[in-house]
Amino acid sequence: MSSIQKKLMEAVDESRDYLIQLTSDLVRFNTANPPAHNTIEAQTWFATKLNELNFRTELFDVFPSEPDLVGSLSGSGGGRSIILNGHMDVAEVRPDEKWDTGPFQPVLKNGRIYGRGTDDMKGGLAACLSAIRAIQSVGVKLRGDVFLESVIGEEAGEPGTVRCLERGYKADFALIPEPSEFNICGQGGVITGWITIKSPQTIHDGARRLCIHAGGGLDGANAIEKMMKIIVALQELERHWAVVKSHPMAAPGTTTINPAVIEGGRHPAFMADECKLWVTIHFLPSEDYEKVIQDVEEYLLDVAKTDPWLRNNPPKFKWGGTSMFRDKGEVFPPADIDPNHPAVKILAKAHKVATGAEPPISCLPSVTDSGWFAKAGIPVVIYGPGSLKRAHIVNEYVEVGELVTAAKTIALTVADWCS
Ligand SMILES: [Zn+2]
């Protein structure tokens, strides 16, 4: 361990109270999503905390009065840059959840901070600030730029991170301190989609026999029954994918197709003239969602050709979306991970310096905004304090020790990568 590394870790240890306070202050803002529309106070306040560390800050609306916040810290030049990205929104709190203490009244107990967002992922955001604070207090001069992004909307697949990229915030590496149990992670992707079967005519229940029995002569169909064929086809495709698709870091069978929601029919007096299926598709870190949905559509349209009615009334598709709640759809692109990328090696080394252990490199069994960086060609990893097992749950918590470790490894990583 170098003397700079030692000083950085001591500085983080000395900032323990700052880290606890910052995490708790962030949790006090109710930024639950849904209902969303509630991040502006938190973002504006967090901007002042960035300003205290000499970040130039920019707030810009993703949705009206729901801004992203980006803090920029210019390096002296000639160094590699980094984006530290986290989301300010937190998982919803349902009225029936029985918390021991209020979800937005953080409590420090037995070395843990309890509250919604402590684990996912206001603790991670706070750790980033604590890391930069340590770098500044030790006097490490950074040559590359540091960007700290506090985005909105991640919990609902909204384009917080996308807007930062569109606004031109790019770097040589991005780190997202989502709860990963200090695994260095890539991720598979997710896309939701609506599959709709619609009949051109609305047929009365009394005419059903004309559609299904000999000599009826009416070429009509019940959209719900036709959707049954689509569901069976999706199951067969899912099984085929499980057999033929694999990735060294993704669990076998990752590529699932879940028929999540079904809506159809209008009244018992009619044949169902429309049926809509909402599906959730997971795919591998190495796949593009454009190709995945193309494969699904081609397969289902081929299946439709084997049915005399579906041949003439094929299913229609609507994929993705910019919000699970506002737009009923989302897409999270995947982020493959290169264990030999220099930034990954620096992060792994930093983790070892801070903890004495080698961090596992794996695939997060969930999705984050990391895929948007990958799609923009920016190498990215997920690495952070806490655990997915504690995200979105009643009595969510993060351990203070985990936050301190995260701040140390991030400080070591930024100091190494950017200087
Ligand atoms: Zn998260």
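Q: What is the geometry of the site of the zinc ion, judged by the angles among its four donor atoms?

A: In general, four tetrahedral donors have ideal angles of 109.5 degrees at a metal. In this structure, which is a predicted model, the angles among the four donor atoms of the zinc ion run from 54 to 140°. The site is therefore irregular, since a tetrahedral one needs all angles between 85 and 135 degrees.

Q: Which protein atoms are the donors of the zinc ion, and at what distances do they lie?

A: The donors are NE2 of H87, an OD atom of D120 and two OE entries from E178, lying 1.9 to 2.7 Å from the zinc ion.

Q: What spacing do these donors follow along the chain?

A: The spacing reads H-x32-D-x57-E. The pair D120 and E178 links distant parts of the chain: D120 belongs to helix α4 (residues 118-138), whereas E178 is in the loop between β7 and β8 (184-187), 58 residues apart.

Q: Are D120 and E178 buried or exposed?

A: The test is relative accessible area, and buried means under 20%. D120 counts as buried because its relative accessibility is 6%. E178 also counts as buried, because its value is 5%.

Q: Where does T368 lie, and what is it in contact with?

A: T368 is found in the loop between β14 (361-364) and α11 (370-375). Beyond its neighbours within four places in sequence, T368 is in contact with E154, I176, E178, Q187, F332 and I382; one of these, E178, is also a donor of the zinc ion. The side chain of T368 reaches the backbone nitrogen of S370 at 3.0 Å. With a relative accessible area of 1%, T368 is buried.

Q: How does K170 read by the same approach: where does it lie, and how accessible is it?

A: K170 lies in the loop between α5 (160-166) and β7 (174-176). K170 counts as partly exposed because its relative accessibility is 44%. Setting aside neighbours within four places in sequence, its contacts are S81, I83, F147, L165 and I378. The C-alpha atoms of K170 and I197 are separated by 42 Å, the two residues being 27 residues apart along the chain.

Q: How many disulfides does a search of the whole structure find?

A: The search finds zero disulfides. A disulfide requires a pair of cysteine sulfur atoms within 2.5 Å.

Q: Why does C164 or C185 form no such bond?

A: The closest cysteine sulfur to that of C164 is in C128, 14 Å away, which is too far for a bond. For C185, the closest is in C363 at 7.4 Å, again too far. C164 is buried, with a relative accessible area of 0%, and C185 is buried at 3%.

How values were computed:
Residues numbered from 1 in each chain as written. Predicted model: local features only at pLDDT ≥ 70, side-chain atom pairs only at ≥ 80, totals over all residues. Heavy atoms only, no water. Helix = DSSP H or I, 4+ residues; strand = E, 2+ residues; numbered from the N terminus. Buried < 20%, exposed > 50% of the residue type's maximum accessible area, 1.4 Å probe, protein only. Contact = heavy atoms within 4.5 Å. Donors = N, O, S within 2.8 Å, 3.2 Å for Na, K, Ca; no water. Tetrahedral: all angles 85-135°; square planar, octahedral: opposite > 155°, others 65-115°. Polar contact = N/O pair within 3.5 Å; in protein donor to acceptor, adjacent residues only side chain to side chain.
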